[in-house]
Amino acid sequence: MNITRRAVLATAVLGAFTGVFASPSALAAKPLTIGFSQVGAESEWRTANTLSIKDAAKKEGVNLKFADAQQRQENQVKAIRSFIAQRVDVIAFSPVVESGWETVLREAKDAKIPVILTDRAVNVTDQSLYVAFIGSDFVEEGRRAGRWLMERAAKTPDRTFNIVELQGTVGSAPAIDRKNGFAEVIAANPKLKITRSQTGDFTRAKGKEVMEAFLKAQGKSIDVLYAHNDDMAIGAIQAIEEAGLKPGVDILVISIDGVKGAFQAMIAGKMNVTVECSPLLGPQLMSIARDVVAGKPVPKRITTVEGVFPAEVAAKELPNRKY
Ligand code: GZL
């Protein structure tokens with residue numbers, strides 16, 4: 001019999017004689033157990049996000065059950081069902097895509113296990129299926145990328161800019177929202193035209209492969225690359241150089257995440273701007289999970305505060321970067 005059970009039994013026996021029962025919380029407090037389903041390990045951003053969650057759990061004494069879904073929704077559904085069967089205190093996850101979650105989230109709700117979303121959103125009609133969503137405003141990130149290009153294009157008002165776009169994972173909230181935010185802003189300048197747009201699935205390898213196809217099809221008529229994350233941009237930079245062109249000069253490179261690799265590319269003159277998307281969500285997740293279990297009210301939406309880093313500030317800013 002484990003310590004906790006022995007302590008409960010001893011208290012019950014003692015209480016039967018003295019009429020005094022210690023409150024459960026007075027007994028050895030059971031550590032909070034969180035089941036976390038992670039998208040995968042597809043990018044520098046994801047690696048930093050996983051590290052933030054694991055470090056925060058360790059620091060907070062949280063018992064973390066961590067599952068890597070290798071970017072497959074069916075693996076996330078399996079992991080969530082396993083967490084329900086293990087009766088964890090809280091389920092948290094970063095949904096690889098927006099749709100297809102109603103059934104498994106209803107199972108969690110029926111099991112009375114609260115669910116916290118981190119990083120990416122889900123598309124559900126019943127908002128009670130999760131208690132809180134901690135993550136960035138991806139539409140605003142797309143707008144910020146568009147605003148940087150609008151300001152750059154304003155310097156050459158008669159010039160047309162042919163833009164190619166490397167989208168994130170098909171169906172994911174960041175891919176959908178970053179595309180929409182960017183398009184919304186550049187619509188104000190008809191000389192900014194997206195000529196090709198395709199998914200690179202947030203990875204360097206796929207980003208390079210798709211950029212090679214763009215260059216084969218359009219080559220020197222590409223003026224701008226807009227990548228939904230730095231990993232795809234860094235892969236594309238390799239393709240641009242292999243095609244004998246100068247990234248950051250012949251083709252402007254606009255990206256999102258703000259990982260160290262992007263700062264290094266900007267210092268090398270190969271990327272023009274990165275829009276920050278912070279992966280450091282671990283401490284907030286632990287705090288919100290504790291509040292939820294304690295029955296305290298928590299905000300439904302917690303939006304991370306982020307900036308924009310043009311190449312001009314990269315060298316000065318790199319030493320301050322935490323991911
Ligand atoms: C954004 C996150 C995205 C990053 C990519 O919050 O979901 O997934 O932008 C990562 O680098 O793969």
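Q: What makes the pair of glutamate 140 and arginine 147 a salt bridge?
A: The closest N and O atoms of glutamate 140 and arginine 147 are 2.8 Å apart. A salt bridge requires a side-chain nitrogen of Lys or Arg within 4 Å of a carboxyl oxygen of Asp or Glu, so this pair qualifies. This is a predicted model, in which local features need pLDDT of at least 70 and side-chain atom pairs count only at pLDDT 80 or more, while totals for chains, interfaces and linings use all residues. Residues are numbered from 1 along each chain as its sequence is written, and side-chain values use heavy atoms, with hydrogens and water left out.

Q: Does glutamate 140 count as buried or exposed, and why?
A: Glutamate 140 has 16% relative accessibility. Buried means under 20% relative accessible area, exposed over 50% and partly exposed in between (1.4 Å probe, protein chains only), so glutamate 140 is buried. Its partner arginine 147, at 35%, is partly exposed.

Q: How do you know that glutamate 74 forms a salt bridge with arginine 72?
A: Their closest N and O atoms are 2.6 Å apart, which satisfies the cut-off. Glutamate 74 has a relative accessible area of 39% and arginine 72 one of 44%, so both are partly exposed.

Q: Why is the pair of arginine 178 and aspartate 257 called a salt bridge?
A: The closest N and O atoms of this pair are 3.9 Å apart, and therefore within the limit. Arginine 178 belongs to helix α6 (residues 173–186) and aspartate 257 to strand β9 (residues 252–257), so the bridge ties together parts that are 79 residues apart in sequence. Arginine 178 is buried at 2% relative accessibility, and aspartate 257 is buried at 3%. Elsewhere, salt bridges with shared partners link Glu140, Arg143, Arg144, Arg147 and Glu184 into one network. The structure holds 26 salt bridges.

Q: What makes β2 and β11 edge strands?
A: The open sheet has 6 strands in the order β2-β1-β3-β4-β5-β11, with parallel pairing. β2 (63–68) and β11 (301–303) each have a single partner strand, so one side of each has no neighbour in the sheet. On average, neighbouring strands here are turned by 15° against each other, direction ignored.

Q: How do you know that β4 and β5 pair?
A: Strands pair if DSSP finds at least two bridges between them, and 3 join β4 (residues 115–118) to β5 (residues 132–135), so the condition is met. The two strands run parallel. Within this pairing, threonine 118 has isoleucine 134 of β5 as its bridge partner.

Q: What makes threonine 274 buried?
A: Threonine 274, in strand β10 (residues 273–276), has 0% relative accessibility, so it counts as buried. Its side chain reaches the backbone nitrogen of glycine 258 at 3.0 Å. Contact means heavy atoms within 4.5 Å; leaving aside neighbours within four places in sequence, the contacts of threonine 274 include Asp230, Ile256, Phe263 and Val308.

Q: Why is α3 called roughly parallel to α4?
A: The axes of helix α3 (residues 73–85) and helix α4 (residues 102–110) come within 10 Å and cross at roughly 10°. Angles under 35 degrees count as roughly parallel, over 145 as roughly antiparallel, 65 to 115 as roughly perpendicular and the rest as oblique, so α3 is roughly parallel to α4. Val77, Ile80, Arg81 and Ile84 of α3 make the contact with Thr103, Val104, Glu107 and Ala108 of α4.

How values were computed:
Helices (H or I, at least four residues) and strands (E, at least two) are DSSP runs, numbered from the N terminus. Axes are lines fitted to C-alpha atoms, for helices over the stretch in contact, and angles run from 0 to 180 degrees between N-to-C directions. A polar contact is a pair of N or O atoms within 3.5 Å; within protein, one must be able to donate a hydrogen and the other to accept it, and residues adjacent in sequence count only if both atoms are side-chain atoms.
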